[in-house]
Amino acid sequence: MIQSLNCYMTYVERLTLARRPEYTLKNMGRVITVLQDFGIEVSLQEQHDFDQLFCGIDFADQLTDNPQILPEVPNHILSFLTGKQDLLPSDIPENAVRNFSFLKNIISERGIGPHLEEIVDKLLSLRDQLFATDTISNYIKLTREEAETSAELAFLFLPEEIPANVKKFLIQANILGNLTDNLLDLESDFAQGQISLKPSQGLKNSLKIEMAKQVAVLGLHYPKKKRLVGLAKKYICYMVSTPSQK
C-alpha cells in the first residue's frame with residue numbers, strides 16, 4: 001500500500017501538499033529504466049507524462065488518506081478527472097490542481113474516463129477489503145490484487161504499443177513494491193486504523209516469503225539480469241532488517 005501521511009495534516013501541509021520524491025521520482029525512474037532495458041524508447045514528452053502521472057497518484061493518495069481534512073475527496077478528484085466536475089474543492093492546493101488538470105486533458109484526449117472510473121472503484125474496494133480482512137492469506141491475496149489493479153491504472157497512461165510481456169513484468173514489479181510497502185508500514189497502518197489485521201510475526205513472515213518469490217520471478221524474466229543484483233540485495237535487506245513482533 002502506498003505510504004500515507006500522519007493521521008492529520010498540519011495547516012502548512014495542506015497549503016504545500018507536495019509530491020514525495022522517494023515515491024514519485026524513484027518509481028517513475030524505475031518504469032523508464034525497465035522500458036529502456038526491454039528495448040522501448042521513451043521520449044522526453046513521455047517521461048514528462050510519467051512524471052505527472054506518478055505525481056498525481058501521490059497527490060491523490062495524500063488527500064484520500066486524510067478524510068478528516070477533505071471528506072469525499074476521492075469522488076471530487078475522480079469527477080474532475082473524468083469531466084463530470086469543472087472545479088476541485090478550494091481546499092486542494094494549487095500545485096495539486098495543476099497536476100490534476102494536466103491528467104484530465106490526457107484522459108479526455110484518450111477517452112479513458114469510463115475505464116478510469118472502473119479501476120478507481122476497484123482500488124477503493126480493495127482498500128476497504130484490506131482494512132476489513134482478518135486472515136493472513138486474504139491480506140496477501142488483496143495486496144497482490146491491489147498492485148495488479150494500480151498497474152492497470154498506470155497502463156492507461158503508458159504508450160499503447162508496450163508489449164504484453166513488458167506489462168506483465170511491470171505488474172510483477174509492482175506486486176513486489178506493494179508487498180514491501182505493506183511490510184514496512186504494518187505497524188503504522190495498524191496504529192492509524194488503516195488495517196484491522198494485527199501485525200504479527202506470522203504476517204510479517206508471509207510478506208517476506210512473497211517478496212522472495214517476487215524477486216525470483218523478476219530475475220527470470222528481466223533481459224539485463226545484472227541490474228537485478230542490487231535490487232535483490234535491497235529487498236533482502238528489507239526482509240532481514242524488519243524487526244520481529246515482540
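1. A good place to start in this predicted model is His 115, which touches Glu 152 and Leu 156 when residues up to four places away in sequence are not counted. His 115 is found in helix 6, and with a relative accessible area of 34% it is partly exposed, because that class covers the values between the limits of 20% for buried and 50% for exposed. His 115 can also be placed by a distance: Thr 82 is 33 residues away from His 115 in sequence, and their C-alpha atoms are 9.9 Å apart in space.

2. For the overall plan, the chain holds 10 helices and 0 strands, and from the N terminus on its elements run α-α-α-α-α-α-α-α-α-α. Of the 246 residues in the chain, 47% are buried. If one takes the contacts between residues at least 6 apart in sequence, 73% of them join residues at least 24 apart.

3. The helix that holds His 115 deserves a second look together with its partner. Two packed helices are described by the angle between their axes and the distance between the axes. For helix 6 and helix 7 the angle is about 160° and the axes are 10 Å apart, and since angles over 145 degrees count as roughly antiparallel, that is the word for this pair. Helix 6 passes helix 7 in a left-handed crossing. Among the residues that make the contact are His 115, Leu 116, Ile 119 and Leu 123 of helix 6, and Tyr 139, Leu 142, Glu 152 and Leu 153 of helix 7.

4. What lies in the loop between helix 6 and helix 7? Thr 135 has its place there, and it counts as partly exposed at 34% relative accessibility. The C-alpha atoms of Thr 135 and Lys 198 are separated by 9.6 Å, although the two residues are 63 residues apart along the chain.

5. A second pair to examine is helix 8 and helix 9, which pack at an angle of about 155° with their axes 9 Å apart. That angle makes helix 8 roughly antiparallel to helix 9, and the crossing of these two helices is left-handed. The contact includes Phe 169, Leu 176, Leu 179, Leu 183 and Leu 186 from helix 8, together with Leu 203, Leu 207, Met 211 and Leu 218 from helix 9.

6. Helix 4 (residues 73-81) and helix 5 (residues 94-110) offer another arrangement to study, for their axes come within 8 Å and cross at roughly 50°. These two helices are therefore oblique to each other. Their contact is made by Ile 77, Phe 80 and Leu 81 of helix 4 and by Phe 100, Ser 101, Leu 103, Lys 104 and Ile 107 of helix 5.

7. In soluble globular proteins, nonpolar side chains tend to be buried together. Here the largest nonpolar core has 40 residues, and those with the most contacts inside it are Leu 35, Tyr 139 and Leu 207. Two or more residues come from each of helix 2 (21-37), helix 3 (44-64), helix 6 (113-132), helix 7 (136-155), helix 8 (164-191), helix 9 (201-221) and helix 10 (227-241), and helix 8 gives the largest share, 8 residues. Why can this core be said to lie between domain 1 (8-110) and domain 2 (113-245)? The reason is that both domains give residues to this core.

8. Leu 207 is worth following in the structure, since it is one of the residues with the most contacts inside the largest core. Not counting residues up to four places away in sequence, Leu 207 touches Tyr 139, Ile 140, Leu 179, Asn 182, Leu 183 and Leu 186. Apart from the largest core lies another core, of 29 residues, and Leu 78, Ile 106, Ile 107 and Leu 116 are among them.

Definitions and conventions:
Residues are numbered from 1 along each chain as its sequence is written. This is a predicted model: local features need pLDDT of at least 70, side-chain atom pairs count only at pLDDT 80 or more; totals for chains, interfaces and linings use all residues. Side-chain values use heavy atoms; hydrogens and water are left out. A nonpolar core is a set of buried Ala, Val, Leu, Ile, Met, Phe, Trp, Tyr and Cys residues joined through side-chain atoms within 4.5 Å. Buried means under 20% relative accessible area, exposed over 50%, partly exposed in between (1.4 Å probe, protein chains only). Helices (H or I, at least four residues) and strands (E, at least two) are DSSP runs, numbered from the N terminus. Domain bounds come from an automatic or database domain assignment. Contact means heavy atoms within 4.5 Å. Axes are lines fitted to C-alpha atoms, for helices over the stretch in contact, and angles run from 0 to 180 degrees between N-to-C directions. Angles under 35 degrees count as roughly parallel, over 145 as roughly antiparallel, 65 to 115 as roughly perpendicular and the rest as oblique. A crossing is left-handed if the near helix is turned anticlockwise from the far one by less than a right angle, and right-handed if clockwise.
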